[in-house]
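This report goes through strand pairing, helix packing, salt bridges and an internal cavity. Please keep the sequence and the 3D view at hand while reading.

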Amino acid sequence: MRDFQRGLSMQKNVAVIGCGHWGKNLVRVFHELKVLLAICDKDREQTVLLSKKYPDLVVYDNCEDALNDSRIQGVVISTPAATHYSFAKAALKANKDVMVEKPISLHYEEGEELVALAKEKNRILMVGHILLYHPAIIKLKEMIDRGEFGRIHYICSNRLNLGRFRTEENILWSFAPHDISAILYLLNEMPNSVSAHGGNYLHPDVADITVTSLNFPSGVRTHIFVSWLHPFKEQKLVVIGEKKMALFDDVNPKEKLSVYEHRIEWILRSPVPHSERAKPVAIEEKEPLRAECEHFVDCIRSRKAPLTDGNEGLRVLKVLEACQRSLEEKGKEINLKKGDIKKFFLHETSRIDDPCEIGEGTKIWHFSHILKNCKIGKNCVIGQNVSIGPNVTIGNNVKIQNNVSVYEGVTLEDDVFCGPSMVFTNVINPRSHWPRKDEYKRTLVKKGASLGANSTIICGITIGRYAFVGAGALVNRDVPDYALVFGVPAKLQGWMCYCGTKLELSTSPDSHESVECPNCLRKYRKDGLAVTEVSRI
């Protein structure tokens, strides 16, 4: 550590966001490296404990405040996996260098966005794949690259423990990124195909145990067994080569890496093994977490790309997504080379009827049904128990909350929000005994409009751009751009900004006035019942 410190002009410019189970270890190491300025966690009890232990730290309970601190250059994110994307994106936008724990995100498109944003901002983006900084894995990689094992046949890894049970991510996403990153690093290639099987025992929607197989172009096959429902802790990786075999045992306190020089002879055309004792391999005695943290600080100083940069994180994420899809499809082999990967997320309880077009980054949650000939844009969120279509068109970044049916005849443009249990209709005078499919009326919801919970939109009308329909409203006539309407039937009650702030404009059809939004500083002009944005500061 002294050599590391002498090599740097020491400056406290790092903040750790998320100081829980793993984050507190990051706090310890960065503090020992004398570069830690601040910690941030919404758990006040945890930050109080850490601030007592490290009284020189600045404490934030709000991420935005931490990112606004101009003294902070490097941000380390150790929050739940589902939040990695949002925190990393916010930090990059604030022009901070970022080290985010594994996985970089839960969705490949979000990971791509982070990599592109880091490049645009000229920021460091590093992913916490800690095994690539482990002296034993580094040594094993050197031995493989020198040809000591000959041709590699097979790699297997077991990562087993009892607890920490999670509900925001399954065991595959929680444990397997470590082993996937190590295997890709050792072999220096991506798999052709993957398959995964699992078991859900503690929670019906969360896998507690998974077994994953990866098949590589070189002919190497691997399997990864992970479980948080196991009676003892085990973290082992085995490499089988034509000349030697190796065991990496991270639970062993002394002999982390051992080599077996077993020989196999062919006698009477049958293989006969000759076993040898394990030979420990000397490795550098260095804490992997310290090596990883030193690397991040050095990358901040030197501006060099990290070993585990965003692109390396994307490779691991691509494999994880393929494994997750295989898991959802009962072990189906997913071919990565043929692009046999969904660009969107579909929960295993939901269904899509062919043909449909679903955009990249869209998430379709529990018990939803997309009927045929629907077109759904990019980065949409379809909540639980949602029915769409047939023949419905939905734009990009549309949010549809739980228990909503979007019937044929309805079109939602970009950025529309549909609140929980709101209702569309497509026929004015329905009868169960009198079919009226040829009488469907068209309903158009324009860009950016918000439709409140339990509101009802009578068919045949248009909801204007960035209009706001209050909860429980019954809308039976066209709604102007930026209008705020609520009531039964809904009436014009005011005007709303692009950002969702109410504008101080009258509802009189005869008034002509201008106003600036106090929140985002956009300016609007009202002429009668037409409101338009005229400028933006």
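Which residue in β11 is the bridge partner of Leu162? The partner is Leu229. The model shown here is a predicted one.

**Strands β7, β10 and β11**

Leu162 and Leu229 belong to a longer contact between two strands: β7 (residues 152–162) and β11 (residues 229–241) run antiparallel and are joined by 9 bridges. Strand β7 also pairs with β10 (residues 221–227), here in the parallel sense and over 7 bridges. Within that pairing, Cys156 stands opposite His223 of β10. In general, the strands of a sheet pair through backbone hydrogen bonds, in either a parallel or an antiparallel way.

**The cavity**

The structure holds 1 cavity of 30 Å³ or more. The volume of the largest cavity is about 40 Å³. Its lining consists of Leu131, Asn158, Arg159, Asp179, Gln235, Lys236, Leu237, Phe248 and Asp250. Two elements, β7 and β11, give two or more residues to this lining. The largest contribution is that of β11, with 3 residues.

**The six-stranded sheet**

An open sheet of 6 strands is built with parallel pairing, in the order β3-β2-β1-β4-β5-β6. Its edges are β3 (58–60) and β6 (125–128); each has a single partner strand, so one side of each is left without a neighbour in the sheet. On average, neighbouring strands of this sheet are turned by 20 degrees against each other, direction ignored.

At the β6 edge, β5 (residues 97–101) and β6 pair in the parallel sense over 4 bridges. Val98 stands opposite Leu125 of β6 there. Helix α2 (residues 23–32) packs on the sheet and touches β1 (14–17), β2 (36–40), β4 (74–77) and β5. The direction of α2 makes about 170 degrees with that of β1.

**Salt bridges**

The structure holds 26 salt bridges. Three of them are listed below with the N to O distance.

| Basic residue | Acidic residue | Distance |
|---|---|---|
| Arg28 | Glu32 | 3.7 Å |
| Lys89 | Glu113 | 2.9 Å |
| Arg436 | Glu439 | 3.1 Å |

Arg28 and Glu32 both lie in helix α2, the helix that packs on the sheet. They are 4 residues apart, about one turn of the helix. Arg28 counts as partly exposed at 24% relative accessibility, and Glu32 is partly exposed too, with a relative accessible area of 29%.

What does the salt bridge between Lys89 and Glu113 tie together? Lys89 lies in helix α5 (residues 84–93) and Glu113 in helix α6 (residues 108–121), so the pair ties together parts that are 24 residues apart in sequence. Lys89 is partly exposed, at 22% relative accessibility. Glu113, with a relative accessible area of 32%, is also partly exposed.

Is Arg436 buried or partly exposed? Buried means under 20% relative accessible area. Arg436 has 16% relative accessibility, so it counts as buried. Its partner Glu439, at 35% relative accessibility, counts as partly exposed.

Beyond these pairs, Arg146, Glu148, Lys244, Glu261 and Lys279 are joined into one network by salt bridges that share partners.

Conventions
Residues are numbered from 1 along each chain as its sequence is written. This is a predicted model: local features need pLDDT of at least 70, side-chain atom pairs count only at pLDDT 80 or more; totals for chains, interfaces and linings use all residues. Side-chain values use heavy atoms; hydrogens and water are left out. Two strands pair if DSSP finds at least two bridges between them. Axes are lines fitted to C-alpha atoms, for helices over the stretch in contact, and angles run from 0 to 180 degrees between N-to-C directions. Contact means heavy atoms within 4.5 Å. A salt bridge is a side-chain nitrogen of Lys or Arg within 4 Å of a carboxyl oxygen of Asp or Glu. Buried means under 20% relative accessible area, exposed over 50%, partly exposed in between (1.4 Å probe, protein chains only). On a 1 Å grid over the protein atoms alone, a cavity is a set of points where a 1.4 Å probe fits but cannot get out, and a pocket is an open set with protein on both sides within 12 Å along at least five of seven lines; lining residues have an atom within 4 Å of a point. Grid points are joined across faces, edges and corners, and a volume is the space filled by probe spheres set on the points.
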